[in-house]
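Biologist: Could you take a close look at the charged side chains that pair up in this model, and then follow the thread to whatever else belongs beside them? I am new to reading structures, so please go step by step.

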Amino acid sequence: MNETLPLMERAAGRTADLVESIGEDELALPTPCADYDVRGLIAHLEWGASLFESLASGGGMIPQSEYTGDFRDRAERMLAAWRRPEAWEGVSPGMGLPMSTLAAMSLCDLDVHGWDLSVATGRPYEVDEEEAERLLAFAGQMAPTGRKMGAFGEPVEVPAEASALHRALGELGRDPSWKP
């Protein structure tokens, strides 16, 4: 295991708390992730947790499903899979990437979509500087490939003095000043 797991645990807990605070009347709100409203983005997070659980367990890709409202349970199962030392070994047969890269992808998914939900619903989402710096490093490494695959948008210009989180969001195609 490496230093990514504690960051994943914090991000999953923070995101689950946020998801559970969202009311039924907010599920149709738009988000900075243009393909999804709040309900769709939570469904995407649910799928992502199950996907990264599968990958950490040696499995492959799984189909995306509809919103079920069980993000915390899925996130806990995902983290349990990543707590196994063997989850960090080698390359994923499902995606052909190093397992540590998949863990970083999971952290990115949690943080970016957690931020998406927070600004869509007007709730706080605090990412500490260590986690934000890791996200920024990951964004710099993976965003060009992610853009080619359609996972990330074109970079958004963010001031150099902006926080690491905002610079990472910009690199991943999010506008940190987005408003609903």
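Modeller: A network of salt bridges links Arg-10, Arg-14, Asp-111, Asp-128, Glu-130 and Glu-131, and since this is a predicted model, please read every value below as one computed from predicted atoms. One of the pairs to look at is Arg-10 with Asp-128, which form a salt bridge whose closest N and O atoms are 2.9 Å apart. This pair links distant parts of the chain, for Arg-10 sits in helix 1 while Asp-128 sits in the loop between helix 4 and helix 5 (129-148), and these positions lie 118 residues apart in the numbering as their separation. Neither partner is buried or exposed in the strict sense: Arg-10 counts as partly exposed at 34% relative accessibility, and Asp-128 is likewise partly exposed, with a relative accessible area of 33%.

Helix 1 (residues 4-21) also holds Glu-9, whose side chain meets that of Arg-83 in a salt bridge of 2.9 Å, N to O. Because Glu-9 lies in helix 1 and Arg-83 in the loop between helix 3 (71-82) and helix 4 (99-121), this pair ties together parts that are 74 residues apart in sequence. Here again both ends are partly exposed, with Glu-9 at 29% relative accessibility and Arg-83 at a relative accessible area of 38%.

What, then, is the accessibility of Asp-116, buried or exposed? Asp-116 is buried, with a relative accessible area of 0%, and it forms a salt bridge with Arg-174, in which the closest N and O atoms are 2.8 Å apart. Since Asp-116 lies in helix 4 and Arg-174 in the segment after helix 6 (164-171), the pair ties together parts that are 58 residues apart in sequence. Arg-174 is buried as well, with a relative accessible area of 9%. The pairs described here are examples from a longer list, for a search of the whole structure finds 16 salt bridges.

Turning from charged pairs to cysteines, a search of the whole structure finds zero disulfides. The reason can be seen at Cys-33, because its sulfur is 11 Å from the closest cysteine sulfur, in Cys-108, which is too far for a bond; a disulfide would need the two sulfur atoms within 2.5 Å. Seen from the other side, Cys-108 is in no disulfide, and the nearest cysteine sulfur to its own is that of Cys-33, 11 Å away. Both cysteines count as buried, Cys-33 at 11% relative accessibility and Cys-108 at 4%.

Helix 4, which holds Asp-116, returns once more when we look at open space in the model. The largest pocket contains about 840 Å³ of space, and of the 29 residues that line this pocket, the closest to its centre are His-44, Asp-109, Gly-150, Ala-151 and Phe-152. The elements that give two or more residues to the lining are helix 2 (38-56), helix 4 and helix 5, and helix 4 gives the most, with five residues. When the lining residues of the largest pocket are sorted by character, they divide into 19 nonpolar, seven polar and three charged.

Methods: Residues are numbered from 1 along each chain as its sequence is written. This is a predicted model: local features need pLDDT of at least 70, side-chain atom pairs count only at pLDDT 80 or more; totals for chains, interfaces and linings use all residues. Side-chain values use heavy atoms; hydrogens and water are left out. A salt bridge is a side-chain nitrogen of Lys or Arg within 4 Å of a carboxyl oxygen of Asp or Glu. Helices (H or I, at least four residues) and strands (E, at least two) are DSSP runs, numbered from the N terminus. Buried means under 20% relative accessible area, exposed over 50%, partly exposed in between (1.4 Å probe, protein chains only). On a 1 Å grid over the protein atoms alone, a cavity is a set of points where a 1.4 Å probe fits but cannot get out, and a pocket is an open set with protein on both sides within 12 Å along at least five of seven lines; lining residues have an atom within 4 Å of a point. Grid points are joined across faces, edges and corners, and a volume is the space filled by probe spheres set on the points. Ala, Val, Leu, Ile, Met, Phe, Trp, Tyr, Cys and Pro count as nonpolar, Asp, Glu, Lys and Arg as charged, and the others, Gly among them, as polar.
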